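The exercises below are meant to be worked with the sequence and the coordinates side by side. Try each task before reading the solution that follows.

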Amino acid sequence: MSSAPGNRVVVTGATGNVGTSVVRLLSEDPDIGTVRGLARRIPDWSPPKTEWSAVDIASEQTSLAGQFAGADAVIHLAWAFQPTHDPATTWRTNVLGSIRVFEAVAAARVPVLVHASSVGAYSPGPKDHAVDESWPTHGWPDAAYTREKAYLERALDTFERDHPETRVVRMRPAFMFKRESASEQRRIFGGRFLPGPLARPELLPFLPDIPGLRVQALHTDDGARAYQLALRHEVRGAFNLAADPPLDAEVLSELLGVQRRVRLPRGAARSAIAAAWGLHLLPASPHLFDAVLRLPLLDCTRARTELGWDPQHTATEAVQELLQGLQHGDGAATAPMRGRKVG
């Protein structure tokens, strides 16, 4: 996309964790003329140069091509994490809805498509060294989230073959956190009735140390800046996004100030999660837990060299923000991000 002022960008999923950060950055960018945010519910929030449309990408009646008409780029972020007990519903939004977005990009002849993939698209990989973007993207087949992310990688392979005139960029970030996303992420992963004030390190008698639980994180604003840079640079393909350090029991115990770590077998941890999920007490499924244990660590060299991207926050700073947000019930003025303090 050229950097001439007046560029028009459409963002799907514009009111969620990543969407709110992307919309804010674009609204402040002098090279962007208009930002159109698409979401199921129009928010009260109204940043400069931004207009809203109520759109459900899962609906076959939605005219996405009409929404994309005249756009210089589409950033596709829309995603449904729940209901985890009904994968057919998330498939309709995440996979069929995304394919509908891709087809509309082609129909409207939008020159740039930036798609939110994920570390979850990757096949199981190492925890002792990082992998680049050439690592296979077959996901973990038992978890809906990773299965859907991997499927869309194949759909984009076909899209790029059939539409070489469209510049396609795939972002594959680690877990993204910011203070304003705390209430949303508590509802997605911990349940709507989990008290946020319990996210206080001093209440933890010990920290579970689960073999293989070593993951990466990223501040959402840093991830959003990578999307912004993808519009400015004539790049194609996939980009890993993550911040240091990788998070494991040792790093988290130092961050939280919890000195006692207790080795917890994978099977015991999974059984507890499966029981809570089966009783509908926990929205995060044991299948997602299985996938997280197998996620590779990401090498972000390509994002640094080709996009000029470098995270401004460490992974531990992103987690600290999340914990502070949980304790105070923080959120933002959009339906998915609405703050709510429980307990």
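**Exercise 1.** In this predicted model, classify Glu306 as buried, partly exposed or exposed, and then find the residue whose side chain meets that of Glu306 in a salt bridge.

*Solution.* Begin with the relative accessible area of Glu306, which is 36%. Buried requires a value under 20% and exposed a value over 50%, so Glu306 is partly exposed. Next, look for the partner: the side chain of Arg302 meets that of Glu306 in a salt bridge, at 3.0 Å from N to O. Finally, place the pair in the secondary structure, where both residues belong to helix α10 (residues 301-307) and, being four residues apart, are separated by about one helical turn.

**Exercise 2.** Compare the salt bridges made by Asp221 and by Asp222, and state which parts of the chain each of them joins.

*Solution.* Take Asp221 to start with: its side chain forms a salt bridge with that of Arg24 (3.3 Å, N to O). Asp221 lies in helix α6 (residues 220-232) and Arg24 in helix α1, so this pair ties together parts that are 197 residues apart in sequence. With relative accessible areas of 24% for Asp221 and 29% for Arg24, each partner counts as partly exposed. Turn then to Asp222, which is buried at 2% and forms a salt bridge with Arg225, the closest N and O atoms being 3.7 Å apart. Here the partners are three residues apart in helix α6, and therefore about one helical turn separates them.

**Exercise 3.** Describe the surroundings of strand β2 (residues 32-39), beginning with the strands that pair with β2.

*Solution.* On one side, strand β1 (residues 7-12) pairs with β2 in the parallel sense over six bridges, and Val10 stands opposite Arg36. Strand β3 (residues 50-54) also runs parallel to β2, joined to it by five bridges, with Glu51 opposite Arg36. The connection from β1 to β2 can then be followed through helix α1 (residues 17-27), the three elements making a right-handed β-α-β unit. As a last step, consider burial: six of the eight residues of β2 are buried, so the strand is largely enclosed by the rest of the structure.

**Exercise 4.** Locate Thr15 and decide whether Thr15 is buried or exposed.

*Solution.* Thr15 is found in the loop between β1 and α1. Its relative accessible area is 6%, so Thr15 is buried. Leaving out residues up to four places away in sequence, its contacts include Ala39, Trp52 and Met337.

Conventions
Residues are numbered from 1 along each chain as its sequence is written. This is a predicted model: local features need pLDDT of at least 70, side-chain atom pairs count only at pLDDT 80 or more; totals for chains, interfaces and linings use all residues. Side-chain values use heavy atoms; hydrogens and water are left out. Buried means under 20% relative accessible area, exposed over 50%, partly exposed in between (1.4 Å probe, protein chains only). Helices (H or I, at least four residues) and strands (E, at least two) are DSSP runs, numbered from the N terminus. Two strands pair if DSSP finds at least two bridges between them. A crossover is right-handed if, with the strands pointing away from the viewer, the path from the first strand over the helix to the second runs clockwise. Contact means heavy atoms within 4.5 Å. A salt bridge is a side-chain nitrogen of Lys or Arg within 4 Å of a carboxyl oxygen of Asp or Glu.
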